[in-house]
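Here is a short tour of the structure shown below, written to be read alongside the coordinates. Please keep the viewer open as you go.

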Amino acid sequence: MNTGPKRMPNTFCVLPWLNITVDPNGDIKPCCVSTDFIKKTDGTHFNLGNDSIDDIYNSPDFLNIRQQMLNGIEVSGCSQCYKHEKLGGNSQRVLHNEKWKDQKFTDIIADTNIQYFDLRFGNLCNLSCRSCNPVNSSKFAKVLDELRDTEIHKFHHTYSLSVDE
């Protein structure tokens, strides 16, 4: 893989080099905030139940995400972090980059060892955090189902999942 620039571009996030997030159904994302899944060349999602971690981590899609970040291109699945930052907040991207700031940038992108394995076993949860989603919280899914027929959709992105799915 291209080692890229010697200093960190403003689109860079350490997580695609250090992390794999597994949703309750086994589908893979570069982090828990990402809105995009890691896809195979045929467009289907990589899934931990069917695919090896090495195949996922070294897939063309995952490599492309990393290369886009190195080239200073905003990654579409990272839109939540970029949006949060434009509004003046600290995103997961900023927080994790800060945590790893003492590590040399070139060492991070050269290392191929996964540091975090975010494995979600299900969505049964007794909380309904505003920062969560129905894939990871059964309570959040219930609240969304209750609000689905209200005007909330004008102000907040609604998910297509119901509690029964």
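L119 is partly exposed, since its relative accessible area is 33%. This residue sits in strand β3. Once residues up to four places away in sequence are set aside, L119 touches V22 and L48. Its C-alpha also lies 8.3 Å from that of I20, although the two residues are 99 positions apart in sequence.

Before going further, please bear in mind that this is a predicted model. Its mean pLDDT is 82, and 83% of the residues reach 70 or more. Residues 158-165 fall below 50 in pLDDT, and this stretch makes 17 contacts in the model beyond near neighbours in sequence.

**The overall picture**

The protein has seven helices and three strands. Read from the N terminus, their order is α-β-β-α-α-α-α-α-β-α. Of the 165 residues, 34% count as buried. The accessible surface is about 10100 Å², and carbon and sulfur atoms contribute 51% of that area. Among contacts with a separation of 6 or more, 52% join residues that are 24 or more positions apart.

Three pairs show how positions distant in sequence are placed in space.

| Pair | Separation in sequence | C-alpha to C-alpha distance |
|---|---|---|
| L119 and I20 | 99 residues | 8.3 Å |
| M69 and M8 | 61 residues | 9.0 Å |
| N50 and G26 | 24 residues | 8.6 Å |

N50 belongs to the loop between β2 (28-29) and α2 (53-57). Is N50 buried or exposed? With 65% relative accessibility, N50 counts as exposed.

**Helices α4 and α5**

Let us turn to α4, where C81, Y82 and E85 are buried. These buried residues line one face of the helix, because they fall within an arc of 95° when seen down the axis of α4. Their cover includes α3 (60-70) and α5. Just after α4 comes G88, which takes a positive phi of about 95°.

Next is α5, made of residues 92-99, in which R93, H96 and N97 are buried. Why do they end up on the same side of α5? They cover an arc of only 100° around the axis, so they share that side. What they pack against is α1 (15-18), α4 (79-86) and β3 (116-119). At the N-terminal end, S91 caps α5, with a side-chain oxygen 3.3 Å from the backbone nitrogen of R93.

**T11 and M69**

Two buried residues tie several of these parts together on the contact list. T11 is placed in the segment before α1 and has a relative accessible area of 3%, so it is buried. Which residues does T11 contact, leaving aside its neighbours within four places in sequence? They are Q68, M69, G72, I73, E74, Y82 and R93. Of these, Y82 is among the buried residues of α4, and R93 is among those of α5.

M69 is part of helix α3. Its relative accessibility is 0%, so M69 counts as buried. Leaving aside neighbours within four places in sequence, M69 is in contact with P9, T11, F12, C13, P16, W17, V75, C78 and Y82. Y82 therefore appears in the list for M69, and also in the list for T11.**The cysteines**

How many disulfides does the model hold? The count comes to zero. For C13, the closest cysteine sulfur is that of C31, and at 6.1 Å it is too far for a bond. C31 is in no disulfide either, with the nearest cysteine sulfur, in C32, 5.5 Å away. Both C13 and C31 have little exposure by their values: C13 is buried at a relative accessible area of 6%, and C31 counts as buried at 10% relative accessibility. C13 is also one of the residues in contact with M69.

Terms used
Residues numbered from 1 in each chain as written. Predicted model: local features only at pLDDT ≥ 70, side-chain atom pairs only at ≥ 80, totals over all residues. Heavy atoms only, no water. Buried < 20%, exposed > 50% of the residue type's maximum accessible area, 1.4 Å probe, protein only. Helix = DSSP H or I, 4+ residues; strand = E, 2+ residues; numbered from the N terminus. Arc of directions from axis to C-beta. Contact = heavy atoms within 4.5 Å. Polar contact = N/O pair within 3.5 Å; in protein donor to acceptor, adjacent residues only side chain to side chain. pLDDT = per-residue confidence, 0-100. Areas by Shrake-Rupley, 256 points an atom, 1.4 Å probe, with all protein chains shown as cover. Disulfide = S-S within 2.5 Å.
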